[in-house]
Each structure stands twice: as C-alpha cells, then as structure tokens.
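Colleague: Please take me closely through the parallel sheet in this model. I would like its strands, its crossovers and what packs around it, and then how the rest of the chain compares in layout.

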Amino acid sequence: MATKQLQSAPTPTRPKSTNGVINGTKAGTGDTRIVVIVYGQAQEKVVSIFADVLGKPYRLANSFSAVGSEDHGTVIGIAACDAKNDISTRNKILMVAINAHCVNLGMPPDVNLSASCDYEFLYTEAPFFRRDLSRFIAHTLGQISHHEALITKPRTYFISTTFPDVRTALSNLDILSVGSDAVEIRVDLLKEPLPDGSFSPVPSLSYVGEQVMLLRQRTELPIIFTTRCTRENGRFPMDNPNLYYEYLYRAIQWGCEYIDVEVWLPEDIRRRLFEQRGTSRIISAFHDFSGTFKWPSPQAQEIFAESRKYGDIVKMITIINSMSENYELEYFRSQIKANNPDGPPLSAVNMGQLGQLSRALNTVFSPITHPLLPIVAAPGQLSAAEINEALSTMGQLPKKNIYAIGSFRSTPQAAFFEKCFNELGLPHNFTSVDRGVKGSVEAFCLQPSFGGAYLNPPLSANQSYIPILSDAARTIGSIDTIVARGEGSSSYLMGDNATWKGIRATLTRDFAPSAYKDRAAIIISSSGEDAASIIFALRSLNIGKIYTVGFKAHGPLASGIEPFTSIESVQRVDHPFAIISALPPEKSHLTQPLLRHFSTNGRAPSNGNGSVTGNGGKGKVFVDLANGPRKGDPLAVAEQSGWTAYGVADTSAFTTVETLRLLVGQNVPYSFVRLASGRGLY
C-alpha cells in the first residue's frame, strides 16, 4: 500500500470567518491566502477552472518561491514536477496549496505532494464535475459552513453507505438520501479487489480516495468519513493507531465535512486531528457493545468529558438490556444539555431493538438506514420514515394540514409534496388551494390543524396575523412560506422567504461565494417587488454595484443600486459578473441584447513576459426566472455567448428544498427534487 506517515503534515489555517453561506445571510470571507494549485502532466486547464470557480484571474509559475504577496487575488498554478522542488519550504502563512490530481493519470498521487499540500482534490478528466470542485473549494477555504446550518435544525439525520463499493449506491443515492442531512462513507466496509481475486484487508488510500471522489460527485450532502474499528462493530484493525491518523487526516485534506474519530485512539492523535481539522468538523465517537455500560454512572460523564475535548459533536452509542435504559439515556441527555449550554451537541442512541425508542428521541445526527441498503450499519437502525412514524405514534409529530396557496395552473406541486411526505413517513396532508378573496390566507392560518403554507405569488410582509418575520422576509418585504411552530397555547406563525435562498443556491452551484464579492451585477425586472429576492440573494454574496433595468428599488434594498437610463449608461459599465432576469416569459427575450453586448471570450493566453496567464474571473452567470412559454430562448443565447446559464427549473428546485426544510424541518436533496418532480412542477 503506497502510503506515507503524516506525522509532520501541515496544519490548514482556520478561516477568519466560518459564517456559512448556507446558514447566515452573509457569505463568510474564509481563508484569504493565495490559492496555489499543483497540477499533473498536461492538466494546466484545471488551474483555469479553479480560477473561474473562485472568480479570479490566474497565472502559471515554476516554483513556490516565485509566488509573492503581489499575487493576492490571483490563483497560481505550479506543475507537480516543479512543485516538488520547494513545496516543503513554501510560505504557509502566505499561500494554501491544493494538490489537484486527475485519477486518469493513475493512482496514487505523488505521496510527498499529498503529504505536503494543505488539501488534495481528486477528479476525473471525463466527465469533469465542476460542481464537485466548487463545493470542495468553497468548503476547504471556509466560504461555506454546512455545520453552522445543521446545528440550528431541530433534528438531523445521516445515512450510512454500507456498500463495499460506493458505485453500487450511486444510481439510488437520490432516493437513499431523502431525509438525510449528511452521508457517511464507512471506509472499514469498503472492499478493494486485488489482482488475485481476493480483497485487501485494509483498503488503500488510493481506493478510498476514489470512493470519496465518486460519492462527492453524486451528492450535495456533507460527507462523514468513518473508519470503524473491529471492537466497535467495524472492520478496521486496531493494532496501528497511526494508520487511523493517516486516513483521517487525508479525509480532512480531501474536504470531507465531518471526520469520525473514535475516542479510544491515543490523545495525541485526537488532539492533532482536532487542531488540523481546518474547516472540517470532528465527531468524537464512543461505542460500547459489552452490555454493561450504564448511563447513570460516573463512567458515562467521564466519557463525555473526554470526548468533548477534541470534538465538535460527541457521539455515544451503547447496547442495552432493558427498555428502562432508554429513559436513563434521556435523563443523561438532559443533564448534558443543561451542564453544557455551549455544546458540543450530543448524539446518543441505544442499539438493538430495545434501543429503537432512543433513536426516535435523539435529535442530533441520528444514524438512519434505508430498505435499499445491503446491510444496516448498526443493530436496531431505523429509516427516516420509521423514525417519523414512531414520533407520530408517540404524539411528537402530530398530523397537520400544509397548503400551497396561490394561483396554480394544475396540482403537480401537491403531488410532489405528497411523494416527499410518503417517502419520509410524515403524517401530514398537503393541498393546493386558490388564494381567493382577501383574507382567505388568514382563514387557513387560523385553523387548529394548520401546519404551514407555501405561497405563490407571495404575500406582503405586512400581515397582522403573522406577527413574526425572518430578517429576509422583513427586508425583502414579502412572505412565500408561513411556518407553524409549537403546539396549543405556545404555537406561533412566522413569515419567511425561501425564494432568495433558492436563487443564492443556484448562483453558488458552479461558483464559490467569493466569486461574487465586489463584482457588478445587472437585474432586469418589471417591478421592484419581483426583484427584491434577487437583490437580497446577491447582497448575501457581498456583491458590489447592482444595476437595474425596468424598475427602481425602494426601501432597505435601494442602497448601492443604480438604474440604467440610456444606452450610454450601459456602455460605461464594466463587465458584470451576473445578469438575472425576473421578467415575465413574454418579455424574457429582452435580456438577449445585454447578454450579447457583454459577451467576451474571458481568456488571455499570455501576459507578454512568457508567463501563461488568464482572466479566469471574468464570470458571466445568467439566471432566467421566467416560468412559462416565452418568445425566443434567452438561455440558449446566453450559453452561445459564453455565459453559465440557469433557468427557473434550477431556482425552483432549490427553493423547494428550502421550503420543505422550513415547513417540515427535513432535508430533501436537490437531486431528488429534480428526479421526482418532473417537468410539470416548473
């Protein structure tokens, strides 16, 4: 197995801001060091793609010593054969090094480069998954934080892939991951085939790296990297703790969002992984299969105290002998929460059939299974649907009526939501209704079984019967989702806006959030109300100047916005990074002249001094929100003019994901929305 001990591996710098673009309303600055891409033979193109994703220009250099502070704001590419010469002496405070290795060139990558770089991006040349790169770079540089988004959810789940080869799971991954907030790769269950027909006792880093790559190419969910040992119901050997460090640290380099670190490992290894975790998060895990562990014991408190030292989440899993031990766990859980108000969060369940009650009551990263998986990862695991059905039976998930209220040509939305509810085992009813006369929405909200509503078109944010508003809904001035929380006298309604999150998710699908910082954008709309969600989404990405066509912005969103008043005013504007149209379909063709006007090739082959350069940060993102038959085809024009183009199907799918999270608190991946909804939904 071609590996190298990583005892002296570099420590990735913690980002200055971990305000994730997923959770907060402002994108984080993240790691501001110069990004240096180490690329393989004849793979120079990957440098330009990194630069384009980051919205920056790039240049190729022949050594790390040739990179200086004047290169801030530029992505640097260094060939692997040149990088070897001085990578060990590079200025780690000035630059972050990423080993970009194409697996088509062979595996493993150069062992010394893997160990010496801060991160490693594995990719296939054909097909190339740009969205995988975008997610990788945004996570590793600290521009997004899945963890900050997830810890605010009332319940989180993860699905464990128990396949010996993740390729087996890929075709069903969209369905497998419904209800999951993360996906776990069980490295110890992977089976790497050998030439003689047998399997490697421990899968090599090469094999594991490709498996992680394949999984990340097919899911937008955070990945939990787990090497479960033989004593804790896994298959990873325990005779060499340094082997765990080697694999777990490499998982950090690969950009896995969560790293499962077993608490039995030597403290020095756990401490180093915690200190070197960068933007990844550590799940400090304890498992006990003896049947003698007791929750109301000093040992349980000691294990939590030891686990929390080097963990962002503490996981404690045990085997029990009686039903009453589930209630002992709940008391232990309440003690931990009361005594540790600042965390870390505790994920604790009892295994086996007797412990299934605890799986329903656990709210932090509950491990779930699915009927399509070959085996369950642990005894007594339940699916998301089974947990929700159990909660419903216990009265913890009462049946509600959830509505789509507005003007709908047909009811595919209701059919899709019902499909999601069935897949998740939710007891709710979903119905599409016309808004009707003034006051009809309030009548639905006052029903005792009201569980929330999706509104299209949205309501004005000034509604007396919706006393609580999210910051987004208040600033945008409209409500597209009414969220019902609590029961009885403690129940309340909150108005929120999911549309802006759908727009932002679309904008950051192929680009890192930092690509938009201080760049210009153009919004084309017939009214300020239709454009408000777009403005809010762009502002959350720290956009620079916003120019408008067809409307004037008012209220809290008007600052820093300049309307185009003539052809001359358009010609004076530098190249915009994004153009977004909220025009109705019969007018959407009016965007085409602007798209053509700002069309450029976005590349320069040389800067005249022999150093290959490129203005990879030119951008050009076009989003068309028109829904329905239209004159012309602005998306086709945009693509022909070199823009990265998205339509209403993309923004609507992402908005549906956010709407479901708000209404029922559960995650349905974007890929499942597109798979299950069909074209009729959009």
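Modeller: Start with E7 and E8, which run parallel and are paired over four bridges. Strands (E, at least two residues) and helices (H or I, at least four) are DSSP runs, numbered from the N terminus. Two strands pair if DSSP finds at least two bridges between them. This is a predicted model, where local features need pLDDT of at least 70, side-chain atom pairs count only at pLDDT 80 or more, and totals for chains, interfaces and linings use all residues. Residues are numbered from 1 along each chain as its sequence is written, and side-chain values use heavy atoms, without hydrogens or water.

Phe 225 of E8 has Ile 185 opposite. The link between these two strands is a helix: E7, helix H8 (residues 205-218) and E8 form a right-handed β-α-β unit. The next link repeats the theme, with the chain going from E8 through H9 to E9 in a right-handed β-α-β crossover. Right-handed means that, with the strands pointing away from the viewer, the path from the first strand over the helix to the second runs clockwise.

Now the other side of E8. Strand E8 (residues 223-226) and strand E9 (residues 258-262) run parallel, joined by three bridges. Phe 225 has a bridge partner in E9 as well, Ile 259.

Both faces of E8 are covered. Ile 223 and Phe 225 lie on one side, Ile 224 and Thr 226 on the other, and all are buried. Buried means under 20% relative accessible area (1.4 Å probe, protein chains only). In a regular strand, side chains alternate between the two faces of the sheet.

Widen the view. The whole sheet is open and has nine strands, in the order E12-E11-E10-E9-E8-E7-E6-E13-E14, with parallel pairing. Strand E12 (346-351) and strand E14 (382-383) are the edges, each pairing on one side only.

Strand E13 (residues 366-369) includes Thr 369. Thr 369 counts as buried because its relative accessibility is 9%. Its C-alpha atom lies 9.8 Å from that of Ser 180, although the two are 189 residues apart along the chain.

What packs here? The largest nonpolar core has 76 residues, and Phe 225, Tyr 247 and Ile 259 touch the most other members. Helix H9 (residues 241-253) makes the biggest contribution to this core, eight residues. A separate second core of 32 residues includes Ile 476, Ile 523, Ala 537 and Leu 538. A nonpolar core is a set of buried Ala, Val, Leu, Ile, Met, Phe, Trp, Tyr and Cys residues joined through side-chain atoms within 4.5 Å.

Next, the empty space. A cavity is a set of points on a 1 Å grid over the protein atoms alone where a 1.4 Å probe fits but cannot get out; lining residues have an atom within 4 Å of a point. Three cavities reach 30 Å³ or more. The largest has a volume of about 160 Å³, the space filled by probe spheres set on points joined across faces, edges and corners. Its lining has 16 residues, with Arg 228, His 287, Lys 315, Ala 378 and Gln 381 nearest the centre. Two elements give two or more residues to that lining: strand E7 (182-186) and strand E11 (313-319).

Now the rest of the chain. Six strands form another open sheet, ordered E16-E15-E17-E19-E20-E18, and here the pairing is mixed. Strand E16 (429-434) and strand E18 (468-469) stand at its edges with a single partner strand each, so one side of each has no neighbour in the sheet. E18 pairs with strand E20 (residues 492-496) in the parallel sense, over two bridges. Across that pair, Leu 469 stands opposite Gly 495.

Further along, strand E21 (residues 521-524) and strand E22 (residues 546-549) are parallel, over four bridges. Ala 521 has Ile 546 as its bridge partner. Helix H19 (residues 528-540) carries the chain from E21 to E22, in a right-handed β-α-β crossover. E22 also pairs with strand E23 (residues 561-563), parallel, over three bridges. There Ile 546 is partnered by Ile 561.

Last, a helix. H23 is mostly covered, with 15 of its 17 residues buried. Gly 665 comes just after H23 and takes a positive phi of about 70°.

How values were computed. Buried means under 20% relative accessible area, exposed over 50%, partly exposed in between (1.4 Å probe, protein chains only). On a 1 Å grid over the protein atoms alone, a cavity is a set of points where a 1.4 Å probe fits but cannot get out, and a pocket is an open set with protein on both sides within 12 Å along at least five of seven lines; lining residues have an atom within 4 Å of a point.
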